[in-house]
Amino acid sequence: MSARISDSTVYSHLWGTDELRQIFDERGRLQGWLDVLAALARAQAAEGLIPAGAAETITAELRVDRLDLDRVARGTRETGHSTLGLIHELRRVLPEPAREHVYVGATVQDVTDTWTSLATRAVGGIVWRDLRRIEDRLLDLAVEHRDTPIAGRTHGQPGAPATFGWKAASWADEIRRHLDRLREGAPRWLVGQLGGGIGTLVAYGDRGLAVRARFCADLGLADPVISWLSARDRIAEFGGLLALVTGTLARIGEEVYELQRPEIGELGEPRPEGVVGSITMHHKRNPEGSEHLNTLARLVRANAGVLLESVVSQHERDGRAWKAEWVALPEVCLLSGTALRLGVQLVEGLEVRSDRMAANLRTHLGGTQNPSDAGAAAAMVDLVVARARRARSEESPSWP
């Protein structure tokens, strides 16, 4: 049983999704590492560095369900090395002709950093999918409520008339920028890592660059040009983007949280059947979903800050930097995935109460709305929707 509430049987759904846990849980991570090692063996065999038969055996045999994880854990503790317990176990389970050819010329970071890029690709695909789904609904809301009057508020107070469609278009426009960032960042983030001890590929002699090129291509990753053992900006940038994404979702959630208050009553978050607002005050309808978006965004920002700290690292390798990522990056991804799931549920089930919007507009702003103001707001909605629809028609529904 885990001591971390994010792994709790009762509460884990609040801090991660099953889809993302399959990427980052023990078996998913280890199988990812094994897949990297198999690709490395195939690349080495293609360049004549190990026998082709050994690479074929390694590819066929490297399965996490064949490993004794208790033995791996014991070997890791006894040796004090991150993967030596795993290496010993691999050599135990592999047939004699292949065991000496596994994990040759690579270091821990070659394996783990390359897997991190593969995990980033998987996570980025989920983020892309869910952001597009959120954007799709927000664009529909923008069109549907293009002319629905609402009191615009500044400093928490009614300021001037606007439309709810204009507000929804603002959210959609921000989501579109995150999609742009995802698309633009993919070539930077999705790269392999192979360098050996200090990153110079010395173990492969004059075949180093060729091995690395084959290795990356095999995994569907770009060649990094130069090793990035101590250059952690890629991971920090991806984590920073997820902090931005969850910040936007929290901004939307905050608006629903405030406008759902009974004295305002302009919006309402969906309330699935069976959900209880309060066990002591039965009249309450607590904004649990929109509130939790703020909680998740805070935690993502905190862990993304750890990733940013890792950008400052020493020499050609610095365990203080990249090992901190082992904890912080999965947290960022799991929390962000939960926020995206909640964001989808929130916007797709959002209750828009136009009658209350009109009533509040009359009460606080005299019900007046300058036609030119309404026209400008509607025109902005049209621009946002047209730009987003054009971008969607030109981009792939999958990422990258």
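How do strand β1 and strand β2 pair, and over how many bridges? They pair in the antiparallel sense, over six bridges, with β1 running from residue 149 to 154 and β2 from 157 to 163. Before going further, a reminder that this is a predicted model.

Staying with that pair for a moment: the two strands form a hairpin, with two residues between them. One residue in the turn, His 155, has a positive phi of about 55°. Pro 149 stands opposite Thr 163 in β2.

Next, the core. The largest nonpolar core has 107 residues. Leu 62, Leu 138, Leu 182 and Phe 215 are the residues with the most contacts inside this core. Helix α7, residues 108-144, gives the most to it, at 15 residues. As background, nonpolar side chains in soluble globular proteins tend to be buried together.

Take Leu 62 as an example. If we leave aside neighbours within four places in sequence, Leu 62 is in contact with Leu 34, Leu 37, Ala 38, Leu 90, Leu 94 and Val 102, and also with Gln 31.

Now the cysteines. How many disulfides does the structure hold? Zero. Two of the cysteines can be placed by accessibility. Cys 216 is buried, at a relative accessible area of 1%, and Cys 333 is buried too, at 2%.

On to charged residues. In general, side chains of opposite charge can pair when their charged atoms come close. In this model the count comes to 38 salt bridges. I will go through three of them.

The first on my list is Asp 173 with Arg 387, where the closest N and O atoms are 2.6 Å apart. This pair links distant parts of the chain: Asp 173 sits in helix α8, residues 164-189, and Arg 387 in helix α14, residues 371-394, with 214 residues separating them in sequence. Is each partner buried or exposed? Asp 173 counts as buried because its relative accessibility is 17%, and the cut-off for buried is under 20%. Arg 387 has 43%, so it counts as partly exposed.

Next is Asp 318 with Arg 320, whose side chains meet at 3.0 Å, N to O. Asp 318 is buried, with a relative accessible area of 9%, whereas Arg 320 is exposed, at 61%.

Then there is Arg 353 with Glu 351, with 2.8 Å between the closest N and O atoms. Here both partners are partly exposed: Arg 353 has a relative accessible area of 24%, and Glu 351 comes to 29%. Elsewhere, salt bridges that share partners build one network out of Arg 132, Glu 135, Asp 136, Arg 176, Asp 180, Arg 183, Arg 392 and Glu 395.

The last residue I want to show is Glu 263. Where does Glu 263 lie? It is in the loop between α10, residues 233-259, and β3, residues 267-268. Its side chain is joined to that of Arg 261 by a polar contact of 2.6 Å. Not counting residues up to four places away in sequence, Glu 263 touches Arg 356 and Asn 360. For a sense of scale, Glu 263 and Ala 106 are 63 Å apart in space, C-alpha to C-alpha, and 157 residues apart in sequence.

To recap: an antiparallel β1 and β2 pair, a largest nonpolar core of 107 residues, zero disulfides and 38 salt bridges.

Methods:
Residues numbered from 1 in each chain as written. Predicted model: local features only at pLDDT ≥ 70, side-chain atom pairs only at ≥ 80, totals over all residues. Heavy atoms only, no water. Core = buried A, V, L, I, M, F, W, Y, C linked by side-chain atoms within 4.5 Å. Buried < 20%, exposed > 50% of the residue type's maximum accessible area, 1.4 Å probe, protein only. Helix = DSSP H or I, 4+ residues; strand = E, 2+ residues; numbered from the N terminus. Contact = heavy atoms within 4.5 Å. Disulfide = S-S within 2.5 Å. Polar contact = N/O pair within 3.5 Å; in protein donor to acceptor, adjacent residues only side chain to side chain. Pairing = 2+ DSSP bridges. Salt bridge = Lys/Arg side-chain N within 4 Å of Asp/Glu carboxyl O.
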